[in-house]
Amino acid sequence: MPDKLRALLAILSLYLLASPFAAHGNGSSEEDEDMLVIELSGFEVFSKGIKLIDGMTGKDYEGDHPVVLGFRREFDDILLKFHKRLVIGEFRNIRARKESIRPHIEKLAALAASFGWEGFQVGGPHLTREVAIFERMLKDPFFKIEEIVVWDARRLAEHDNIPPKNKYAKNIRFNEETGKWERRILTKWEVSYIRNNHRTGKSSNFYTYKEQGLNLDTNRGFHLIDVGLPGDVQPRAFKEVGLEYPIVIDYAVSIEDEINELKRDLVENLIYLYDPFSWVARGNTRFRGGFRKQLQAHIRQQQIPLDDRNWFDPLFAQFLDDVVSIQIWGANEIYEHRILSSIPKNRNQLGEDLDLLNWHKREKRSVDYNPEQRIKAPATHFGSVGSTRFIMIDAYRRYGEKFLDALRTRILALEEKADPRQLVLDAIEAASGIPADKYLPAAAKAQKAELERFVPKS
């Protein structure tokens with residue numbers, strides 16, 4: 001674990017432990033969060049300079065609508081509470097994964113050694129990108145809301161719901177089908193810093209960015225990246241993103257209800273904008289990869305008298321990593337991650353679904369796949385590495401150590417080259433007591449059903 005992560009987690013843990021509620025175990029999580037975030041003083045003043053803009057004129061808002069004024073009065077408190085929760089939530093995510101790394105590696109190493117493949121190690125540091133982002137957020141939020149743009153629904157209606165021709169109007173549109181206005185936020189999040197190559201002694205400038213957009217009313221948007229982040233990215237590399245936040249005053253509900261709706265809407269939209277937090281992986285897939293690649297490289301170095309190592313090595317690396325993941329996180333972790341990873345638009349959607357928000361003629365954002373293509377559960381029959389993986393999971397979940405022992409016994413007893421597929425089938429029959437031709441179709445059907453639980457319905 002990198003020293004920076006250790007230091008950050010230690011400091012934040014001390015803040016949590018310093019809470020009087022932590023000692024007695026009778027305080028609410030919200031009270032603990034308040035104690036923690038006292039130290040995050042950088043968030044206390046970041047919204048003071050936010051301007052109110054009249055969308056119709058493009059100039060400073062000079063109206064006195066109580067919804068606008070009431071929402072602005074509470075804006076600072078809303079943002080502070082949101083960032084408190086965001087930072088604490090991310091702290092807990094990083095802590096949970098950090099605490100699982102060493103046990104995962106140790107279990108994996110012990111499991112590999114039991115098959116005669118001693119010496120498995122995984123070099124660090126780990127979570128370097130997440131730590132860099134987290135440290136950056138301890139100092140400042142990424143998204144700085146610079147302007148609240150106020151749109152008056154009655155004034156827009158007086159102009160036949162045709163917005164004026166100014167820079168703010170590009171981020172609202174009237175939906176003829178719903179009869180309501182829709183708003184969006186577009187961002188470009190840039191990362192730039194000097195990378196030092198310690199091997200060559202030379203330095204170079206690294207630059208990348210991601211573009212995000214969110215429909216604030218449908219909660220659908222997009223996430224497109226240039227290139228991913230290097231492992232040595234620095235907190236100072238993340239540039240601030242300035243936002244304009246549009247609101248529409250519609251007069252249809254009470255002042256208090258409308259203010260509360262605007263507040264809920266703001267927090268929900270900010271949550272969506274901050275995901276995917278680690279750039280390439282959305283919040284629903286990050287931290288979930290395990291150490292399959294490293295274990296496969298280790299197995300590849302072993303002298304194992306088996307034919308078709310191109311089938312055996314990746315299958316066993318995946319299987320042993322799956323065993324450890326099941327022991328630590330449970331089997332649902334594997335099924336859900338497999339489905340999410342197979343949905344192309346899961347990489348690019350922001351919020352609840354993908355919307356490239358091409359509202360105007362010059363906007364031509366696109367993806368290289370059909371986002372409407374129906375997602376199916378992957379194959380689970382005995383055959384390719386990817387599909388046989390689930391037959392192996394099925395056998396392990398049913399027979400546990402008995403199945404591992406059947407595999408282990410056969411691998412350790414190898415003297416001459418053997419067929420790895422037959423070895424696996426023999427181990428399944430030995431552990432289950434069922435002929436392979438009966439077991440395999442039943443296992444494939446059961447695993448297909450497990451995976452289909454996580455396939456989106458629409």
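Modeller: One term before we start: two strands count as paired if DSSP finds at least two bridges between them. Keep in mind too that this is a predicted model.

Biologist: Fair enough. How many bridges join S4 to strand S5, and which residue in S5 does Phe174 stand opposite?
Modeller: S5 covers residues 180-197, and S4 and S5 run antiparallel. The bridges joining S4 to S5 number 4. As for Phe174, the residue standing opposite in S5 is Trp181.

Biologist: Which strands stand at the edges of that sheet?
Modeller: Start with the order, S4-S5-S6-S7-S9, in an open sheet of 5 strands with antiparallel pairing. The two edge strands each have a single partner strand, so one side of each is left without a neighbour in the sheet. Those are S4 (172-175) and S9 (349-351).

Biologist: By how many degrees are neighbouring strands of this sheet turned against each other on average?
Modeller: Direction is ignored for this one. Strands of a sheet pair through backbone hydrogen bonds, either parallel or antiparallel. In this sheet, the average turn between neighbours is 25°.

Biologist: Which helix lies across S5, S6 and S9?
Modeller: Look for the one running at about 140° to strand S6, which spans 202-215. The helix in question covers residues 255-273, and that's H7.

Biologist: Moving on to helix packing, how far apart are the axes of H9 and H10?
Modeller: H9 is residues 309-329 and H10 is residues 331-342, and the two pack at an angle of about 115°. H9 brings Asp322, Ser325, Ile326 and Trp329 to the contact, while H10 brings Ala331, Glu333 and Ile334. By type, that's 4 nonpolar, 1 polar and 2 charged residues. The axes are apart by 6 Å.

Biologist: Which element gives the most to the largest nonpolar core?
Modeller: That core has 66 residues, and Phe312, Phe316 and Phe319 are among those touching the most other members. Nonpolar side chains tend to be buried together in soluble globular proteins. With 10 residues, the top contributor here is H9.

Biologist: And Leu407: which residues is it in contact with, leaving aside neighbours within four places in sequence?
Modeller: Leu407 is also one of the core residues that touch the most other members. Its contacts are Phe115, Phe316, Phe319, Met392, Leu423, Val424 and Ala427.

Biologist: Last one: how many residues are in the second, separate core?
Modeller: Of the chain's 458 residues, 49% count as buried, meaning under 20% relative accessible area. The second core includes Val67, Ile78, Ile185 and Leu266. Its residue count is 44.

Conventions
Residues numbered from 1 in each chain as written. Predicted model: local features only at pLDDT ≥ 70, side-chain atom pairs only at ≥ 80, totals over all residues. Heavy atoms only, no water. Axes fitted to C-alpha atoms, helices over the stretch in contact; angles between N-to-C directions. Contact = heavy atoms within 4.5 Å. Nonpolar A, V, L, I, M, F, W, Y, C, P; charged D, E, K, R; others polar. Core = buried A, V, L, I, M, F, W, Y, C linked by side-chain atoms within 4.5 Å. Buried < 20%, exposed > 50% of the residue type's maximum accessible area, 1.4 Å probe, protein only.
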